[in-house]
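Me: Please take one part of this chain and go through it closely, with its partners and its surroundings. I would like one connected account rather than a list.

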Amino acid sequence: MPTPAVINAFVNAVNAGDTEAFLALFAADGAVDDWGSRYVGREQIRTWSDRELIGANATLKIRSSQQHGNAASVLVEVGGDGFKGPSRFAFTLNGELVREMKITAD
């Protein structure tokens, strides 16, 4: 099954270092759960990303993806100045927006 367009756009925004495009993919009350730390709303997600993702020059390469209804996940190889290695990004989608993204170990 192909990776959902919103997740491809997410990966492209991160790899381009485009914070505004990245944030626009989240619902206004969307959330990120990064190994148990939770950030709700675009401003909290921006603060998190500035520290942990785009601000750390992260790069993402999709290794595999799955989708079941509005739930999708990708196994990515993370590069950049912060965490490096495999991670699973699990998404709850709301149409063309991300409702929640949860980052866990593979």
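Reply: Two strands count as paired if DSSP finds at least two bridges between them. The strands themselves are DSSP runs of E, at least two residues long, numbered from the N terminus. The model is a predicted one. The part taken here is strand β4, residues 71-79.

Start with burial, where the cut-off is under 20% relative accessible area. Seven of the nine residues of β4 are buried, so the strand is largely enclosed by the rest of the structure.

β4 pairs with β3 and with β5. With β3, which covers residues 59-68, the pairing is antiparallel and runs over nine bridges. H68 faces A71 of β4 in this pairing. The two strands make a hairpin with two residues between them, and G69 in that turn has a positive phi of about 65°.

With β5, β4 is again antiparallel, joined by eight bridges. This hairpin has five residues between its strands, and G80 in the turn has a positive phi of about 120°. One bridge here joins V76 to S87 of β5.

S87 is worth following from there. Its relative accessibility is 2%, so S87 counts as buried. Beyond its neighbours within four places in sequence, S87 contacts V74, L75, V76 and V78, and also I103 and T104.

The last of these contacts, T104, lies in strand β6. T104 has a relative accessible area of 29% and is therefore partly exposed. Residues up to four places away in sequence aside, T104 touches W35, S87 and R88. Its C-alpha is 16 Å from that of T59, a residue 45 places away in sequence.

W35 leads to another hairpin. W35 sits in the turn between β1 and β2, with a positive phi of about 55°, and two residues separate these strands. β1 and β2 (residues 37-40) run antiparallel and are joined by four bridges, with A31 opposite V40 of β2.

Next, the core. The largest nonpolar core holds 28 residues, and those with the most contacts inside it are F10, F22, W48, F89, F91 and M101. β4 is among the elements that give this core two or more residues, along with α1, α2, β1, α3, β5 and β6. The largest share, six residues, comes from α1.

Take F91 from that group. Its neighbours within four places in sequence left aside, F91 contacts A71, A72 and V74, and also N70. The rest of its contacts are I7, F10, V98, E100 and M101. V74 thus appears in the contact list of F91 as well as in that of S87.

Finally, the pocket. The largest pocket holds about 230 Å³ of space. Eighteen residues line this pocket, and D34, E52, L53, V78 and F83 lie nearest its centre. V78 is also one of the contacts of S87. β4 supplies at least two residues of the lining, as do α3 and β5. The largest share, three residues, comes from α3. By class, the lining has ten nonpolar residues, four polar and four charged.

To put β4 together: the strand pairs antiparallel with β3 and with β5, gives residues to the largest nonpolar core, and supplies part of the lining of the largest pocket.

How values were computed:
Residues are numbered from 1 along each chain as its sequence is written. This is a predicted model: local features need pLDDT of at least 70, side-chain atom pairs count only at pLDDT 80 or more; totals for chains, interfaces and linings use all residues. Side-chain values use heavy atoms; hydrogens and water are left out. A nonpolar core is a set of buried Ala, Val, Leu, Ile, Met, Phe, Trp, Tyr and Cys residues joined through side-chain atoms within 4.5 Å. Buried means under 20% relative accessible area, exposed over 50%, partly exposed in between (1.4 Å probe, protein chains only). Contact means heavy atoms within 4.5 Å. On a 1 Å grid over the protein atoms alone, a cavity is a set of points where a 1.4 Å probe fits but cannot get out, and a pocket is an open set with protein on both sides within 12 Å along at least five of seven lines; lining residues have an atom within 4 Å of a point. Grid points are joined across faces, edges and corners, and a volume is the space filled by probe spheres set on the points. Ala, Val, Leu, Ile, Met, Phe, Trp, Tyr, Cys and Pro count as nonpolar, Asp, Glu, Lys and Arg as charged, and the others, Gly among them, as polar.
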